[in-house]
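Colleague: I am new to this structure and would love a close look at a single part of it. Please pick one region and walk me through it slowly, explaining the terms as you go.

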Amino acid sequence: MNFIALDFETANARLSSICQVGIVSFKDGSISETYSSLVDPADFFDAMNVSIHGIDEAAVRGAPRFANVYPEILRRTENAVVACHSLFDRAALVQATEAIGLSCVTCQWLDTTRVVRRTWPQYARSGYGLANVTRDFGIPFNHHDAAEDARATGLVLLRALQGIGTVS
């Protein structure tokens with residue numbers, strides 16, 4: 001299965017305040033391409049969000065605005081299967097495109113939290129967050145970096161598709 005894994009980090013509680021994008025393309029069961037960019041959200045940075053991902057005003061100084069990054073997101077995701085670990089990323093993309101007066105990408109969304117919850121019974125009710133699942137499967141990654149989160153999301157989806165990863 002070929003698919004795209006997508007992740008966003010936001011500057012504050014407004015989902016449209018995207019400050020980093022990560023996109024990882026999977027082709028024939030392997031990573032084929034990675035795209036990552038900091039994004040100037042033209043918005044304030046909440047201390048809570050900064051404490052999670054470490055991205056602040058200084059980090060995005062000189063970075064492109066979302067409107068300048070969106071053509072690359074569109075190019076990579078249009079008409080693709082796009083996986084994200086929760087619907088947060090889908091909602092962020094919808095709100096960010098609406099904020100600049102553009103239509104959101106046309107794609108098939110796949111929420112990997114639902115895949116995880118249905119594939120492995122121990123995650124059916126709780127513990128299906130990306131950090132827990134990747135730890136249980138021994139998938140190392142730097143959590144709350146958009147490209148790393150996208151990569152980990154894709155690797156978890158591959159395990160589910162291949163029926164690998166029974167957790168004790």
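Modeller: Happily! Let us begin with pairing: two strands count as paired if DSSP finds at least two bridges between them. The strands and helices themselves are DSSP runs numbered from the N terminus, with at least two residues (E) for a strand and at least four (H or I) for a helix. This is a predicted model, in which local features need pLDDT of at least 70 and side-chain atom pairs count only at pLDDT 80 or more, while totals for chains, interfaces and linings use all residues. Residues are numbered from 1 along each chain as its sequence is written, and side-chain values use heavy atoms, leaving out hydrogens and water.

The part I have chosen is strand E2, with its surroundings. E2 covers residues 18-27 and belongs to an open sheet of 5 strands, ordered E3-E2-E1-E4-E5 with mixed pairing. Strands E3 (30-38) and E5 (108-111) each have a single partner strand, so one side of each is left without a neighbour in the sheet. From one strand to the next, the twist averages 25 degrees; such angles run from 0 to 180 degrees between N-to-C directions, with axes fitted as lines to C-alpha atoms, for helices over the stretch in contact.

In general, strands of a sheet pair through backbone hydrogen bonds, either parallel or antiparallel. E1 and E2 run antiparallel and are joined by 8 bridges. On the other side of E2 in the strand order, E3 pairs with E2 in the antiparallel sense, over 8 bridges. Ile23 is a good place to see both pairings: Leu6 stands opposite Ile23 in E2, and the bridge partner of Ile23 in E3 is Tyr35. Next along, Val24 has Thr34 as its bridge partner in E3. E2 and E3 form a hairpin with 2 residues between them, and Asp28 in that turn has a positive phi of about 50 degrees.

How much of E2 is covered? Of its 10 residues, 9 are buried, where buried means under 20% relative accessible area, exposed over 50%, and partly exposed in between (1.4 Å probe, protein chains only). One of the buried residues is Phe26, at 2%.

Phe26 also leads us to the aromatic pairs, of which the structure holds 3. Rings of Phe, Tyr and Trp (its six-membered ring) pair if their centres lie within 6.5 Å; planes under 30 degrees apart count as stacked, over 60 as edge-to-face and the rest as tilted. The ring centres of Phe3 and Phe26 are 4.7 Å apart and their planes meet at 10 degrees, so this pair is stacked. Because Phe3 lies in strand E1 and Phe26 in E2, the pair ties together parts 23 residues apart in sequence. Phe3 is buried too, at 2% relative accessibility.

Finally, look at what lies across the strands. Helix H3 (residues 66-77) lies across E1 (3-10), E2, E3 and E4 (81-84), running at about 170 degrees to E3. Helix H5 (residues 112-119) packs on the sheet as well, touching E4 and E5, where contact means heavy atoms within 4.5 Å. Within H3, Phe66 and Tyr70 sit 4 residues apart, about one turn of the helix, and both are buried.
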